[in-house]
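Biologist: I'd like to learn how to read a model like this one. Could you walk me through a few features?

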Amino acid sequence: MAGTTGQDPYNSLSTSPEDYVGAHSLADEGQNNFDKPQSSPLNGASNPLTTPFYSYHVDKTIKTQDSHFWAQKQSAVKPSSPVADLLKEDEILAPVRLEADKSNSGKTPGEDYLDEQVKDELSTLHTNFHKCLQLRDKYMMLSLQRLGDNPTDQNDWEVYPAPPPPTWPRRPQNQREASFRNNRPRKEKKQVGEDFVFQDCHIPGAHDFIFKLDPTGVYQVFECKEDSEPAYKVPSIREYFMDLDYILETISDGPAKSYAYRRLRYLESKWNMYFISKEFQEIADSKKVPHRDFYNVRKVDTHVHLSSCMNSKHLLRFIKSKLKRNADDLVIFRDNKVLTLTEVFESLKLSAYDLSIDTLDMHAHTDTFHRFDKFNLKYNPIGESRLREIFLKTDNYIKGQYFAELTKEVISDLEASKYQSAEYRISIYGRSKSEWDKLAKWIVENKIFSPNVRWLIQVPRIYDAYISNKTINNFEDVIKNIFEPLYEVTQDPRSHPELHVFLKRVVGFDSVDDESKAERRIHRKYPFPKDWNTKLNPPYSYYLYYMYANMTSLNQWRKTRGFNTFVLRPHAGEAGDTDHLTSAFLTSQSISHGILLRKVPALQYLYYLKQIGIAMSPLSNNALFLNYERNPLKSFFQKGLNISLSTDDPLQFHFTKEPLIEEYSVAAQIWKLSATDMCELARNSVMQSGFETSVKQHWLGNKWYLPGRDGNDIHKTNVPYVRINHRYNTLMEEIEMVKKFSKLEARDTFECNTIHMTRAVRNHDTSASTSDGWLNIAGLDKSANNVSAEMSVIPGVGLFVEQHHMNNITNGIGTQRSNQVLQHLNNDSDADDEK
């Protein structure tokens, strides 16, 4: 028996107690008492390191090479004497002493112990990464997609219609709980948009600036007709593709891929160690927060298409109700006559009784996997395009009346839930310039305004269909149809008053289509849009550049006028080429899907360092491109990427009245997410969204934009401070390592700020005037000294100092100085151009 012989009963695993020294040394560093090995009579009290319980699990860990829990290499030294034990202790304490040496001498731990060859390789890797980060900073700054660029980020921005007052007003002091409960005001039910009055909207006058389309297909803004230089800088298409090639070359480099892969594994392992040690503390901290839980923290569906925002049961009920109550409505013009709703269904040989979920056939099941063409057909009820035109289109014979009623019903459910909001994506195709006015009138006339809803404009990449139908002559026609009305309404809002009002609720643009389509390159050098007249569809990177470039000039002009600006948030990385993700890295504030990042570790690492928002939809991916269990969302989340959950198309993928909650529910069950995990995902969704800063302050806390725990209000987000500290400290550790080994000038600060990145405040900029509104939000004094002291820790504030000279255009000073301010951003790019 083991008890009598004193031997290890698990000796059959062929591992001696001496092999466990390295593992025990690691465990002894922990603070939990139950991690410390205890003596056992089965192994003899003389050697406390050979208990059967501890030895078995350590040995099993070593056998399975589980690097998630044991990253420390086993020691070959046998502590056979007290002297050997002291030597082992000295080895364990070496990192602590190095840290002490750093505090005394100012040297970085391990700095004198790195081989020169290793230093050179690390320097090359981090310099390339640093250059990629700077390139993204340049594009984000020029397009005004960072925190603080948008006038809606100021606290004096007026939201109309105004958000509803808080349901729970602050409880007066010295008031009894029962009295407060009895005197609580009752919230009256209201219809969607009833507080919107178009006549109350202010429509500004015309502006002196002019615009025109240059030969390269980009709209440029000029201060007057005589000017030859544009008022705002836009990267040329040559510069864009050179920057894109640099990033592609960097992320394709073998050492860069290996290094990024190891860093990502380290981040995931660090998360596992954190979760093991802090899980119970997170639970305890969450329990101390009154009122808040997952259900009543704010969450935003940042990726959902309007034409499929309802579930199939909701659409079925709506169609049946219209057949019952509005059977004689004239709804469509077909076969040279106008048909009523009854006649349409009679032509289909169907009645209201025959309709069911199966008859509609709009759920995306196994037949749509890797078949995007079949998925697009799922938007047609019963497979009939005429029903889609009647019920799911804004521009039809009945002017989108049915679709407006259906949309307002969905929004009413959102308002009833109170804590859920959405950013609906609605299409502008680029077939004609009148699309914008028709869409704006549909929104304004039907009063589709809600405090829970903002809009994104999605532009399908289907130029090949238009050119085949001879709707357009070349790709330049698509650019004109999409952007010319926007420049016109910016120059003179009175020319398109409904569009001006609608654009106040638009937060950005999206680029959509099947990414799995093959992109054939028949040009050595891509032609300009006016010369692109073939039937071949332009590649993804070409589309994205022209959306970015035309949005850049538009944003600069709109900010000059005091109008809200837009961001670019395309579909990227759902399928197809991973180069799409590289184009989005340069040009886009955040992306949707991004599941292909799992195949590009270096680019994934860059997305992590910049905290680029990724709105993931695992249920959508499960039906189209990637099985649920293979979805990288959990891995991305654990590493610390800026992840949120979204629904994409509830009509095709969801079954319940609350599709966003359904998305969270399935993810929590499959991946065993904790309540803190789901609250963090919800917080990320709000920060990624385009809601105004004043709204986010109400939802997340007054200082939500600050890095680390200072920007987290646990009483509103229900995310414990220990979780926020872990995310912030881990990110800063990676960023500081890039700055340490990079050969480039560390002129950029990397504040922990989701989505948006800011730049350092230079000494010569601290005396410039800043925006009073943003400083008031930040709670800073307006003096230059205080600004310079506080700027480095408040992301976004530095933008107003940095762009002071650009804002001088509004005061009539001109553009010469603004171009000088931006010139330093192109130093590295100019070197590439010369090469």
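Modeller: Sure, starting with disulfides: a pair counts as one when two cysteine sulfur atoms lie within 2.5 Å. Keep in mind that this is a predicted model, where local features need pLDDT of at least 70, side-chain atom pairs count only at pLDDT 80 or more, and totals for chains, interfaces and linings use all residues. Residues are numbered from 1 along each chain as its sequence is written, and side-chain values use heavy atoms, leaving out hydrogens and water.

Biologist: How many disulfides does that rule give?

Modeller: Zero.

Biologist: And Cys201, is that buried or exposed?

Modeller: Buried means under 20% relative accessible area, exposed over 50%, and partly exposed in between, using a 1.4 Å probe and protein chains only. Cys201 is at 15%, so it is buried. Cys224, at 29%, is partly exposed. Across the protein's 835 residues, 55% count as buried.

Biologist: What about helix α8, how do I check its length?

Modeller: Helices are DSSP runs of H or I with at least four residues, strands are runs of E with at least two, and both are numbered from the N terminus. The expected span is 1.5 Å times one less than the number of residues. For the 16 residues of α8 (237–252) that gives 22 Å, and the end C-alpha atoms are 22 Å apart, so the two agree. Buried residues in α8 include Tyr240, Phe241 and Leu244.

Biologist: Which backbone oddities should I look at?

Modeller: Try the Tyr160 to Pro161 peptide bond, which is cis with omega near -5 degrees. Pro161 sits in the loop between α6 (116–142) and α7 (177–182). Then there's Asn336, not a glycine, yet with a positive phi of about 60 degrees. Asn336 is in the β4–β5 loop and is exposed at 73%.
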